[in-house]
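User: Please take a close look at a single helix in this model. I would like to know how the helix is built, how far its residues are covered, and what lies against them.

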Amino acid sequence: MRFRSSSRRGAVLGAAVAVAVGAGLAALAPVAFAAPGAPGTRPAFCDHDQRKTPFAQYLCAEADDLLDVRIGDVHPTQPSLGYDEVYYKLGRYTLGKDAINKKFDDWCEADGRIAAATAAPGARLDDPSSFTCQLAVGAETTDSVAAMKTVVIGPGGEPFLTDGHHTLTSFYETPDGGPDMHVRLRVQANYSSLTRQDFWAQMQAHKWVYLRDPQGNPTTVNKLPTSVGLANFTDDKYRSLLYFGRDIGYAQNGLPFQEFYWGSWVRDAKPIDLTTWNPNDHASYLATVKALTETMTALPKATVVDSGFTATELGALDQWNNGKAANKGEFDKLSKPYSDAKPGKLAYTLEYKRVHGLG
């Protein structure tokens, strides 16, 4: 399999690099599909489409292309976000204490190039020439590509985001980001020649779309946001809660919408009492994460959590905090206050909300 790097005009940015996909990526990544037509071929309309689609530059993207995308072009495949995850990222970007701003690490990771290496004074996300990543374009590895956000090319070439809604929304909202900034996304499939009805049938068959609102009510594809950006999504507080339990109660495993399934379990099964949870208080938020993740890891692994997925399939850890005490590991990192040299994610979230009057 080859990872191809495509520019915003559809031209190749760098030399394609042959990469043997290891078992790890094969296990984690969704199945890749060639563009419609004979195996390995591009749609017949590539480079000469007559429909004058505004997404013509994406029409010829093939599965596994690393496609340069304007983030304002991507169409979400979920109706809501955990706002507090975005607030963490924005807090880290604007109030952070890192030697190199975390936003450059996040952009480089999303672009398939691990993390930032250098950032010039005054470096900006919307000017990639002002910072460098650990890998050059064309030197991507199996592991670096596995960490990329993903997209499916839909009818007319419209790119549908299947992973990375929180990250791209954070880029959209940060002062040096916005809808016109670019980042590469890994193409999962090209369904641009399908009708919209057949396209959505494929998306639902592969579970590449999530159609429930924060209250658990079903929604429809025509009510999905048409762009990233906080104002386009509803807030799912359960999805936020699950984000902070990452690597304490469960591990990400590449399953699309994994944390939404856990969040539905929290909402519907009510495994813990949330009546005292104050999402604007550090101690209360931390205690709620602890109670929830302890309950997650205590579940029998064959327990069906939501939508037919078991605790094992949703990445539940065998031991809380990976067997470490509360003053060690990921939970200890999460617990650090904003006054610490390395604040935890919760601290950044709450400080950002305090500064911006969002509490």
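Analyst: Glutamine 258 has a relative accessible area of 4% in this predicted model, so the residue is buried, the cut-off being under 20%. Its place is in helix H8, which runs over residues 258-269. Leaving out residues up to four places away in sequence, glutamine 258 touches Tyr250, Ala251, Gln252 and Asn253, and also Leu314 and Gly315.

The helix as a whole has 12 residues. From the first C-alpha of H8 to the last is 16 Å, close to the 16 Å expected at 1.5 Å a residue. Just after the helix comes lysine 270, with a positive phi near 50°.

Like glutamine 258, which is buried, H8 is mostly covered, with 10 of its 12 residues buried. Besides Gln258, the buried residues are Glu259, Phe260, Tyr261, Trp262, Gly263, Ser264, Trp265, Val266 and Arg267. The elements they pack against are two helices, H7 (237-244) and H9, and three strands, S4 (80-81), S11 (304-306) and S12 (309-310).

The packing of H8 against H9 can be described further. Two packed helices are described by the angle between their axes and the distance between the axes. For H8 and H9, the axes come within 12 Å and cross at roughly 105°. The two helices are therefore roughly perpendicular to each other. On the H8 side the residues that meet H9 are Trp262, Trp265 and Val266; on the H9 side they are Leu292, Thr295 and Met296. An α-helix has 3.6 residues a turn, so residues three or four places apart point the same way. Trp262, Trp265 and Val266 are also among the buried residues of H8.

Threonine 295 gives a view of this contact from the other helix. The residue lies in H9, which covers residues 282-298. With a relative accessible area of 24%, threonine 295 is partly exposed, whereas Trp265 in H8 is buried. Apart from neighbours within four places in sequence, threonine 295 is in contact with Trp265, Pro271 and Ile272. Threonine 295 and glycine 249 are 46 residues apart in sequence, and their C-alpha atoms are 8.1 Å apart in space.

For another helix in the same model, consider H3, residues 102-110. Its buried residues are Lys103, Phe104, Asp106, Trp107, Cys108 and Ala110. The cover over them includes helices H2 (83-95) and H5 (165-173), together with strands S5 (116-119), S6 (131-133) and S9 (182-190). At the start of H3, a side-chain oxygen of asparagine 101 comes within 2.9 Å of the backbone nitrogen of lysine 103. Just after H3, glycine 112 has a positive phi of about 85°.

H3 also takes part in a disulfide, and the structure holds one. The disulfide is formed by cysteine 108 and cysteine 133, with their sulfur atoms 2.0 Å apart. Cysteine 108 lies in H3 and cysteine 133 in strand S6, so the pair ties together parts that are 25 residues apart in sequence. The torsion about the S-S bond is about -75°, so the disulfide is left-handed. Cysteine 108 counts as buried at 0% relative accessibility, and cysteine 133 counts as buried at 12%.

Note on methods
Residues are numbered from 1 along each chain as its sequence is written. This is a predicted model: local features need pLDDT of at least 70, side-chain atom pairs count only at pLDDT 80 or more; totals for chains, interfaces and linings use all residues. Side-chain values use heavy atoms; hydrogens and water are left out. Helices (H or I, at least four residues) and strands (E, at least two) are DSSP runs, numbered from the N terminus. Buried means under 20% relative accessible area, exposed over 50%, partly exposed in between (1.4 Å probe, protein chains only). Contact means heavy atoms within 4.5 Å. A polar contact is a pair of N or O atoms within 3.5 Å; within protein, one must be able to donate a hydrogen and the other to accept it, and residues adjacent in sequence count only if both atoms are side-chain atoms. A disulfide is a pair of cysteine sulfur atoms within 2.5 Å. The expected span of a helix is 1.5 Å times one less than its number of residues. Axes are lines fitted to C-alpha atoms, for helices over the stretch in contact, and angles run from 0 to 180 degrees between N-to-C directions. Angles under 35 degrees count as roughly parallel, over 145 as roughly antiparallel, 65 to 115 as roughly perpendicular and the rest as oblique.
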